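Here are a few notes from going through the model. Have a look at the structure first, then see whether you agree with the points below.

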Amino acid sequence: TYTKMATVSLGFNIDSPRWDQSTFVGRLKHFLNITDPRTVLLPEEELDRAKALVEGCRAGLVPPGSSQEQLLYAKKLYDSAFHPDSGEKMNLIGRMSFQVPGGMAITGCMLQFYRTVPAVVFWQWVNQSFNAFVNYTNRNAASPISLRQIGVAYVTATSAALATAVGLNLYTKRAPPLLARWVPFAAVAAANCVNIPMMRQQEIINGITVTDENNNELGRSRRAAVKGIAQVVLSRITMAAPGMIILPIIMERLEKFTFMQRIRVLHGPLQVLLCGGFLLFMVPAACALFPQRCSLALADLEVELRDSIVSKHGDKVPYVYFNKGL
């Protein structure tokens with residue numbers, strides 16, 4: 001059923017990105033492609049076929065008559081559903097392609113139900129549970145984490161979010177209404193600063209694998225892990241910021257109109273839809289802030305690792321590379 005490539009252009013490499021990953025625009029196009037929320041509706045069998053096609057193409061074999069467009073579509077599905085390190089299928093909730101439908105529902109509810117402490121507690125708990133799935137799924141797969149560490153990370157991040165949300169909620173009781181509407185974003189930002197490093201603590205403790213530009217393994221670096229995780233934290237906060245900061249301003253003004261006061265029951269669904277509009281662009285934009293294949297100058301590595309690389313390769317390796325996760 002397989003034959004050497006015939007209908008694919010000479011020199012085609014299925015693992016080579018379609019767009020220049022050294023530029024923000026190139027990365028944005030890449031992530032617009034692989035975070036497409038429509039892919040979450042596809043059956044598992046189609047994703048498995050896409051994986052088989054990608055792996056066949058890597059081996060220099062494709063089904064007879066396959067076109068380059070078909071291979072690129074298979075790569076899109078593969079990138080959206082399978083982990084870049086391990087090649088294993090990711091759980092649906094943790095995929096970046098699920099960020100729009102999952103995130104819009106949870107964020108919309110957090111922005112709608114912010115007035116009472118029980119509602120704040122419930123929706124922040126739901127959000128941190130969702131984040132825990134996403135952070136675990138998109139970790140650097142070369143650094144295993146135990147169930148106990150996952151539990152500690154989950155409880156710590158949820159506690160940080162609840163403490164921030166409940167504390168600010170009580171503090172803003174007498175503040176302008178708009179400030180109270182921004183409490184969910186403050187809680188989300190605080191929790192991200194805790195949740196992601198805790199969920200990926202093994203990378204910080206033991207370091208992550210770094211390679212040269214040709215993917216030859218050079219060792220493990222804790223500093224690379226810290227840089228990658230810091231970039232992911234910033235990306236996640238950026239992902240949430242526009243919707244959770246701008247949307248409350250929009251709703252604050254809309255709710256002054258008579259027609260909006262008559263349809264209060266629709267305020268929640270409206271916020272969910274508007275959150276979806278923000279996330280449709282912000283998920284790929286935030287993922288594109290930094291290259292997924294992150295680099296670190298040799299001079300910034302730990303002394304032992306730097307000396308080891310220099311002794312083996314001299315000055316031929318000015319930078320090391322690693323997967324920062326998403």
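Does α2 pass α3 in a left-handed or a right-handed crossing?

1. Left-handed is what I get for α2 passing α3. Bear in mind that this is a predicted model. The axes of α2 (residues 44-58) and α3 (residues 68-81) come within 8 Å, and they cross at roughly 115°.

2. On the α2 side, the residues that meet α3 are E46, L47, A50, K51, L53, V54, C57 and R58. Their partners in α3 are Q70, L71, Y73, A74, K75, L77, Y78 and A81. By type, the residues of this contact divide into eleven nonpolar, one polar and four charged.

3. Now for the largest nonpolar core, which has 41 residues. Helices α1 (24-34), α4 (99-112), α5 (117-137), α8 (183-199), α10 (222-254) and α12 (267-287) each supply at least two of its residues. The largest share, ten residues, comes from α10. Both domain 1 (24-80) and domain 2 (96-323) are represented, with at least three residues drawn from each.

4. Within that core, M239 and M244 touch the most other members. If you want to inspect one of them, try M239: leaving aside residues up to four places away in sequence, M239 touches M96, Q99, L279, M282, V283, A286 and C287.

5. There is also a second, separate core, this one of 15 residues. Among its members are F12, L47, V54 and V62. Two names here should look familiar from point 2: L47 and V54 belong to this second core, and both are among the α2 residues that meet α3.

Notes
Residues are numbered from 1 along each chain as its sequence is written. This is a predicted model: local features need pLDDT of at least 70, side-chain atom pairs count only at pLDDT 80 or more; totals for chains, interfaces and linings use all residues. Side-chain values use heavy atoms; hydrogens and water are left out. A nonpolar core is a set of buried Ala, Val, Leu, Ile, Met, Phe, Trp, Tyr and Cys residues joined through side-chain atoms within 4.5 Å. Buried means under 20% relative accessible area, exposed over 50%, partly exposed in between (1.4 Å probe, protein chains only). Helices (H or I, at least four residues) and strands (E, at least two) are DSSP runs, numbered from the N terminus. Domain bounds come from an automatic or database domain assignment. Contact means heavy atoms within 4.5 Å. Axes are lines fitted to C-alpha atoms, for helices over the stretch in contact, and angles run from 0 to 180 degrees between N-to-C directions. A crossing is left-handed if the near helix is turned anticlockwise from the far one by less than a right angle, and right-handed if clockwise. Ala, Val, Leu, Ile, Met, Phe, Trp, Tyr, Cys and Pro count as nonpolar, Asp, Glu, Lys and Arg as charged, and the others, Gly among them, as polar.
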